[in-house]
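I opened the notebook to look up a few points in this model. The entries follow the order in which I checked them.

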Amino acid sequence: MKDSIRKAHLASVTDRFVRGQMDRRSFLRAASILGLGAGALGMGLGRRPFYGISQASAQEQELKPSAEITKWLSDVGKPFAGTTLRLATESTPPSNAIATQLKQYFEEATGIKVEIEVLPLEQVLQKLTLDVASSLGTYDLYYIDQSWAASFSQDVFDPREQLKNADLAMPNYNIDDFLKPLVDGIAMYEDRMVGVPYDIPIFIMQYRKDVWDELKLPPPATLDDLLKASAAITDAKGPNMYGTSGQMKSGHYSLECDWTAWLWGHGGSIFGPDGKFTGNDEAGLAAMAYWDKLKATMPPGVDGWTWDGEGQSVGQGVAASMLSWGEFFPFFDDPKASKVSGLMEAMVPPKPAATLRTVEQTGFGEIPGVGHQGGSSLAVSKYSKSPDAAWIFMQWATSADTQALITVLGGGTGPTRTSVYDDPRVLANARVGAGTTRHLPVVRDTIANYMGSEPDLPAWAELSSDMIPVALGKYFAGQSGSAKESLDALKTQVDDLVAKG
Amino acid sequence: MNGSFSTRMLRTIAAWVVVAVFFFPIYYWTSVAFKHGNDIFNRPPKLFAFTPTFDNFQKVFGISLGSGGITVTPGGGNFYMAPRVWDSIVIATLSTVLAVAIATLAAYALSRMNFRGRHSFVGWVLSTRMMPPVAVAVPMFFIYKNFGLIDTYTGMVLIHALMNLPLAVLLMKSFFDDIPSEIDESAIVDGASRFMIFRRIVLPMAKGGIAATAVLCFIFSWTEFLFALTLTTTSVKTVPVVSSTFVTSIGTAWGNMAALGAASIIPAFIVILLVQKHLVRGLTMGSLKQ
């Protein structure tokens, strides 16, 4: 083999190993075939591969639960060895990281088996509803989307109560470390804490800095900036590229999420303090007028997309920006999955066009803010046959150490604990590339200062996933008249449903 | 041979066009399984000119393509769906055998025996096909939970057999109806018992029909989603349910879904190949009799 070919192949193999596309054994085998002894690894390849290998080795060593936590798990878990715990969850970065890479450490330490059923969000709701209706305890742990918190509030243990059992309490679990806005927005319903915040997808502004620079546009710091820049990009680059994107599939929850961002951003709210629908008031109509104009700058297929299509449209360079879930940012930075790796910039959501309403001016605990927050809690089911074992697992899964591991392994999802944002392992991942965490400072700032949270009421699951997105879908399809007519009709429906309780 | 050369040529071309049209979705889906994320969404779509990758299969099945050829590392993929394909094979095969066995006996009785309510029985069987599965999924969940059938092979085999039974009975009855009853009468005159006639005369003649029914039952079981979702949790899963797990909070893993989908075509394809000879005969039985 020619030396140049051998070197090129060697570089390719090393690059694949560093990027995690090749396991250690295959790498060593390929390296030895190419005449590279293990001892030469650090000498012959220059700084980058050596650094990469060292880092990979370090990660293998470090990306494990701390010895202290493993010891606690081993001690407290002994009486429950042989128990099997079940959790039904959406396929989210935290759940996937636990299911595929982390739960083995918990199982080895405690002898408790954990079965994680990963499903699309709507099917998780179906499974949990069946479990509650039957009270048979098929699942020990519930993954509760924030829009279901009110519905399931009486079917789970309040973690504050569970923490009082000193025998099972994890040392330094520190429930106050969870970001307070998330506790209020995701986990609280009336006076009950419905689990602890588990994951936090939240709207942040993500835009193509190269395109903005090329067209000399100001960063989208206000809603007006966003509209003007989107129109300018669509004019300059359409139909190959559009200014912004959306998740506007008729009848899908994602459409309701977009709506609330524009509604809150124009000084509106879903409910008033009397619990009546207010999405059709003056601010609501201003939001719809803005949305109509913004939609004209989006790709033509936008009203068939959920967050999947929206993310792909940006990742493939069809749209130049999106005000949407920050979870997508690590995917955009992955050169294998997207065409915009290193080109995206994250910033906090644009400033609202009018003064935000206060919580007192809305209903059912609704918190207006352009940074629409999704997210979910993790809770122990009241019907679980092994609630103590489930509580041990829940503490481990939501502890600061595990959350840091999840953030690094799970592709940069937004941590729910303050301390995790400052964890050295998380900070070390803040570079361009797959699984980046370089957007997390923006996520943290958005949670603290710009977060909007949906109302909490038992009917909200139906309103947010069915009634509201169906009505909005009909409006954009031109089937329900003007924005005022559509929203007036929606008000009648919503108020009727809420009145029924 | 009928027709001129140009007519035959035209027919051949038309046949190839029809095959290409029907084969294209399969090709496209399978090609997605071999594409990187960027190539999947390329505009315009990359139909042929893309760099194939085994990454999706590696993640889904733990199969990797190295210098030593294909290697399988159970559990080595991110998802490792191979046991789930096996679950689907077991459930579809056993439920098909059960449904066809019961349906064959029931259909023969309905075709050959006169008893009160025979016609209304057929109507009742047909009516069960009209009921949407979602209407019974929740009650079935409670029944299954109480009988300990949730998340078991037995439970899934039973429900899929039950689901396929009405169609299988009606299909088999039409096949038995196509076999002239005079054959049975002749055998009776020769002293054969009813069961002997069924086993030695009618059943061999209905082989094609049985094959056609079995294939349909297998495919319906292979693709059934709602019961498989509702009545399983983690121990037993079928391919359609695990396919849905690729729909994640940050988008759909199309490459992984395509890898599982492309691989899951193979068992159904093998079943059809095995019974192909009988299948053609079964589907055309009506035109051969009487």
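Entry 1, domains. I began with the division of chain A: domain 1 covers 65–199 + 376–421, and domain 2 covers 202–369 + 456–497. The model is a predicted one. I looked up the spacing of the two parts and found the C-alpha centres of domain 1 of chain A and domain 2 of chain A 31 Å apart. For their contact I noted 13 residues from domain 1 of chain A and ten residues from domain 2 of chain A.

Entry 2, cavities. How many cavities of 30 Å³ or more does a search of the whole structure find? I read off five. The largest cavity holds about 150 Å³ of space. I listed its lining next: 14 residues, of which A:Glu90, A:Asp145, A:Pro201, A:Trp307 and B:Ser249 are the closest to the centre. Sorted by class, the lining of the largest cavity comes to six nonpolar, four polar and four charged residues. I then asked where the largest cavity lies with respect to domain 1 and domain 2 of chain A. Both domains give residues to the lining, so the largest cavity lies between them.

Entry 3, a helix pair in chain A. I looked up helix 6 (residues 93–110) and helix 18 (residues 400–409) of chain A, and their axes come within 9 Å and cross at roughly 95 degrees. An angle from 65 to 115 degrees counts as roughly perpendicular, and helix 6 of chain A and helix 18 of chain A are therefore roughly perpendicular to each other. On the side of helix 6 of chain A, I noted A:Pro93, A:Pro94, A:Ala97, A:Ile98, A:Gln101 and A:Leu102 in the contact. Helix 18 of chain A brings A:Thr402, A:Leu405, A:Ile406 and A:Leu409. By class I have eight nonpolar, two polar and no charged residues in this contact.

Entry 4, a pocket. I turned to the second largest pocket, which has about 560 Å³ of space. It is lined by 21 residues, and the closest to its centre are B:Thr128, B:Leu162, B:Met163, B:Asn164 and B:Pro166. Which elements give two or more residues to this lining? I found helix 4 (82–112), helix 5 (118–130), helix 6 (133–147) and helix 7 (153–178) of chain B. Helix 7 of chain B gives the most, with seven residues. I closed the entry with the classes for the lining of the second largest pocket: 17 nonpolar, two polar and two charged.

Key
Residues numbered from 1 in each chain as written. Chains lettered and ligands numbered in written order. Predicted model: local features only at pLDDT ≥ 70, side-chain atom pairs only at ≥ 80, totals over all residues. Heavy atoms only, no water. 1 Å grid on protein atoms, 1.4 Å probe; cavity = no way out; pocket = protein on both sides within 12 Å on 5 of 7 lines; lining within 4 Å. Points joined across faces, edges and corners; volume = space filled by probe spheres on them. Nonpolar A, V, L, I, M, F, W, Y, C, P; charged D, E, K, R; others polar. Domains from an automatic or database assignment. Axes fitted to C-alpha atoms, helices over the stretch in contact; angles between N-to-C directions. Parallel < 35°, antiparallel > 145°, perpendicular 65-115°, else oblique. Contact = heavy atoms within 4.5 Å.
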